[in-house]
Amino acid sequence: MLKVLIADDEPIMLEGLRFLVDWHKLGFEIYAEALDGEDALQLVEENCPHLIITDIRMPVIDGLALIEKVYMRFPDTKFIVLSGYADFQYAQQAMKFGVSNYLTKPLDETELESAVLAVAEDIRAEEERRALQRSILDRSRAETVSRLLMGDVRKEWVDKARSLLKLNEQSRIRCIYLACSNSKYSEQERISLFQRLREAVDSNALTDVSVHPFVLGINRSGFILAVDSKESVLTVPLIDQFILYMRKECGETFTFAISSEVRGAISLSRAYQEALTAEVCKFPSNLPRVYYYRDKMSEESPSIPEVTKTSLIHAVNNGQIDAVRTLTLDLFINLSSSEAWAAANLSTLKLEILQELAKQGANMENWTRRWFASPLPKNVGELKNSMLKEFMEAAEWIAREKGARIDDIVSATEAYVKQHFQGKLQLQHVAEHLHVNAAHLGQRFKKQRGLAFNEYVHTVRITEAKKLLLRTEMKITEIAHMVGYSDPEQFGAKFKALTGVIPSSYKKG
């Protein structure tokens with residue numbers, strides 16, 4: 001129900017307003033009444049209403065002063081002014097403070113009902129607009145967090161982190177990754193649980209700590225805790241306190257994996273990778289099913305060799321499908337002795353490959369949902385099959401995308417030739433214009449169009465020459481120069497080679 005306050009120095013008027021219309025039917029409830037502007041102002045300070053209906057003439061503080069004072073403090077409050085005919089000029093002055101309507105005494109039931117309904121409609125419209133603005137802002141914040149978590153640290157996202165999330169290079173950050181401890185929950189149940197966690201976060205006052213939720217796929221969700229402080233405040237006791245509060249509100253449904261403290265928005269990806277590692281390796285802590293990342297790896301827990309990782313990412317990024325298969329299988333030779341660290345290392349590798357897909361213009365929301373839809377398999381054999389399938393999928397997608405882009409370049413080459421065939425055309429010049437390698441362009445052009453670049457140039461020129469020969473009285477020498485041949489004999493030879501006749505015979509028909 002929307003709240004309405006009534007202010008009038010005539011008790012009989014207050015009583016009349018109380019019963020003149022069915023307030024509940026209109027979506028309102030009268031929560032307070034005042035006999036003068038001073039009392040009304042105090043009531044507003046205690047509990048600001050959605051609508052104030054006030055008389056213009058009242059003792060202590062008149063209606064006009066009341067409206068002005070409330071408007072300065074609570075600009076969203078709506079007003080309906082009551083006045084006699086003699087007070088009409090005052091009602092007009094009040095309009096500048098956003099008064100929705102003014103009604104003259106004695107009041108008419110229909111007029112009051114219409115005025116109140118109009119206010120209710122305005123309030124609903126404004127609430128919908130604010131809700132839409134909040135939704136857009138939330139989506140922008142969520143996308144910014146997701147991009148940074150996936151390692152996309154382009155200036156666009158770093159700037160958005162600064163403006164939308166208030167994260168700068170000095171911000172201290174921890175990532176809390178959530179894993180549902182009950183595998184029997186459906187996707188909808190998990191979403192509902194995460195929503196309860198978000199509501200619990202909103203009601204939990206962590207002093208000076210901002211909390212940003214994230215969702216990366218069905219089962220990849222959590223929170224970013226951030227604070228602008230020169231000293232470390234995201235301590236283990238504080239995080240434990242935060243988690244205990246969450247569990248009190250939502251039960252023991254989730255496990256929590258927490259990264260170390262990192263600095264700046266560009267470190268969000270690292271924090272996320274650390275949280276994943278903590279969850280997979282389950283480093284023990286003071287609380288059950290709460291895992292803090294440890295920086296020290298045991299010697300018997302090998303990581304992916306850098307050369308293997310670099311080669312695999314390069315193969316995926318260049319669409320080299322056979323190389324991806326070989327390198328992925330080689331990779332598991334190094335990881336087979338440690339299932340937990342295999343899963344942790346591969347989560348990090350998947351993030352790096354997703355970064356390459358992002359650079360190629362991939363829809364990261366779709367890819368993240370597919371790749372992180374369920375927890376990583378703990379069995380190394382299943383893990384190998386899953387990774388091989390995903391890495392091959394990425395390589396094939398990139399190969400298709402690169403092929404499509406090359407087709408665009410070939411089309412751009414054709415368009416350029418058609419616009420500039422009258423001048424001197426060389427493959428090197430066109431390649432420089434399109435910012436591609438000349439040899440590669442020549443090979444690709446011939447492969448896709450079935451003829452060499454120079455042959456295509458001659459085809460375009462002779463096609464234009466045929467039009468001029470049939471439609472104009474120009475001399476053959478003039479036509480030769482017009483379509484790009486400085487030597488008329490060369491023009492004649494090319495014309496006959498492509499049409500089977502010499503230019504003069506073609507002109508005569």
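In this predicted model, Ser347 sits in helix H12, which covers residues 339–359. Is Ser347 buried or exposed? Its relative accessibility is just 1%, and since anything under 20% counts as buried, Ser347 is buried. The chain also brings a sequence-distant partner into the picture: Met387 is 40 residues away from Ser347 in sequence, yet their C-alpha atoms are 9.7 Å apart in space.

Asn317 tells a similar kind of story. This residue belongs to helix H10, made up of residues 306–317. With a relative accessible area of 18%, Asn317 falls below the 20% cut-off and so is buried as well. Which residues does Asn317 touch, leaving aside those up to four places away in sequence? The list reads Glu356, Gln360, Ile398 and Lys402.

Next comes the start of the chain, where strand E1 takes up residues 2–7. Six of its six residues are buried, so the strand is largely enclosed by the rest of the structure. The side chains split into two sets: Leu2, Val4 and Ile6 point one way, while Lys3, Leu5 and Ala7 point the other way, and all of them are buried. Even Lys3, then, is on the buried list.

Which strands does E1 pair with? One partner is strand E2 (residues 28–34), which runs parallel to E1 and is joined to it by six bridges. Within this pairing, Leu2 has Phe28 as its bridge partner. To get from E1 to E2, the chain passes through helix H1 (residues 11–20), giving a β-α-β crossover that is right-handed. Another partner is strand E3 (residues 51–55), also parallel to E1, with four bridges between the two. Here Ile6 of E1 stands opposite Ile53 of E3.

Further along the chain, a pair of helices comes into view. A packed pair like this is described by the angle between the helix axes and the distance between those axes. How do H17 and H19 cross? The axes of H17 (residues 453–471) and H19 (residues 488–499) come within 10 Å and cross at roughly 95°. Angles of 65 to 115 degrees count as roughly perpendicular, and H17 and H19 are therefore roughly perpendicular to each other. On the H17 side, the contact is made by His458, Thr459, Ile462, Ala465, Lys466 and Leu469. On the H19 side, the residues are Gln490, Phe491, Lys494, Phe495, Leu498 and Thr499. Sorted by type, the residues of this contact come out as six nonpolar, four polar and two charged.

Technical notes: Residues are numbered from 1 along each chain as its sequence is written. This is a predicted model: local features need pLDDT of at least 70, side-chain atom pairs count only at pLDDT 80 or more; totals for chains, interfaces and linings use all residues. Side-chain values use heavy atoms; hydrogens and water are left out. Axes are lines fitted to C-alpha atoms, for helices over the stretch in contact, and angles run from 0 to 180 degrees between N-to-C directions. Angles under 35 degrees count as roughly parallel, over 145 as roughly antiparallel, 65 to 115 as roughly perpendicular and the rest as oblique. Contact means heavy atoms within 4.5 Å. Ala, Val, Leu, Ile, Met, Phe, Trp, Tyr, Cys and Pro count as nonpolar, Asp, Glu, Lys and Arg as charged, and the others, Gly among them, as polar. Buried means under 20% relative accessible area, exposed over 50%, partly exposed in between (1.4 Å probe, protein chains only). Two strands pair if DSSP finds at least two bridges between them. A crossover is right-handed if, with the strands pointing away from the viewer, the path from the first strand over the helix to the second runs clockwise.
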